[in-house]
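Here are a few short exercises to try with the structure open beside you. Have a go at each task before reading its solution.

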Amino acid sequence: MTSSTTSATPAPEPLEPPPAVPGPARKPPSAASLARQRRKASAVRFWKEYRTHRAGLYGLAGLVLIALLALAAPLLVGADVQSVTEAPGTALESPSAEFPLGTDQFGRSLLGLLVWGRGSRCSSVCSRRPSRSPSAPWWGSSPGTTAAGSRPSSCGSPTGSW
């Protein structure tokens with residue numbers, strides 16, 4: 001009988017993690033920073049999905065154009081467009097190169113009035129405080145009542161009552 005000797009290879013030792021580097025201990029992220037990271041990730045996901053829709057991009061471009069036009073209204077048109085006494089044109093002119101949309105009964109440019117009106121409306125909408133609910137007015141009273149707590153007037157209803 002011959003004996004065969006087999007040499008067993010030793011099993012590799014498990015790798016140990018590297019020793020910890022001494023230094024300041026890392027604090028876990030705060031709730032605010034986690035919320036900020038989640039909002040940012042959500043906004044990135046939303047924009048990636050939104051930019052695939054061509055109609056949505058056209059609508060967004062239109063809104064941005066209107067907002068820029070409204071914000072630049074004082075620079076483009078000037079405040080004198082609302083003056084009745086110093087109107088640049090004559091009453092009710094038809095559209096021309098000088099007045100692309102014509103003039104009103106006072107001789108003011110309709111295009112200038114349109115642009116200036118958008119600017120004032122945009123600034124009034126942007127300056128409103130958010131309400132507690134979508135149907136509540138800005139002062140926070142319940143829907144359907146005025147600031148004094150009473151019902152509003154009939155506003156021209158034929159019966160004059162509720």
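**Exercise 1.** In which helix does F46 lie? Then decide whether F46 is buried or exposed.

*Solution.* Keep in mind that this is a predicted model. Step one: find F46, which lies in helix α1. Step two: look up its relative accessible area, which is 54%. Step three: exposed means over 50%, so F46 counts as exposed.

**Exercise 2.** Which residues form a nonpolar patch on the surface, and which element supplies the largest share?

*Solution.* Start from F46, which forms the patch together with W47, L57, L60, V64 and L68. Together they have about 540 Å² of accessible area. Next, look at the helices: α1 (31–50) and α2 (54–71) each supply at least two residues of the patch. Finally, the largest share, four residues, comes from α2.

**Exercise 3.** Compare L92 and S109: where is L92, where is S109, and is each one buried or exposed?

*Solution.* First, place them. L92 is in the loop between α3 (73–76) and α4 (110–126), and S109 is in the loop between α3 and α4 as well. Second, apply the cut-offs: L92 has 63% relative accessibility, over 50%, so L92 is exposed. S109 has 13%, under 20%, so S109 is buried. Third, add a detail for each. The phi of L92 is near 55°, a positive value in a residue other than glycine. S109 touches V81, F99, G102 and T103, leaving aside residues up to four places away in sequence. A polar atom of the S109 side chain also lies 3.4 Å from the backbone nitrogen of L111.

Conventions:
Residues numbered from 1 in each chain as written. Predicted model: local features only at pLDDT ≥ 70, side-chain atom pairs only at ≥ 80, totals over all residues. Heavy atoms only, no water. Patch = residues over 30% accessible without salt bridge, like charges linked within 9 Å, V, L, I, M, F, W, Y side chains within 5 Å. Areas by Shrake-Rupley, 256 points an atom, 1.4 Å probe, with all protein chains shown as cover. Salt bridge = Lys/Arg side-chain N within 4 Å of Asp/Glu carboxyl O. Buried < 20%, exposed > 50% of the residue type's maximum accessible area, 1.4 Å probe, protein only. Polar contact = N/O pair within 3.5 Å; in protein donor to acceptor, adjacent residues only side chain to side chain. Contact = heavy atoms within 4.5 Å.
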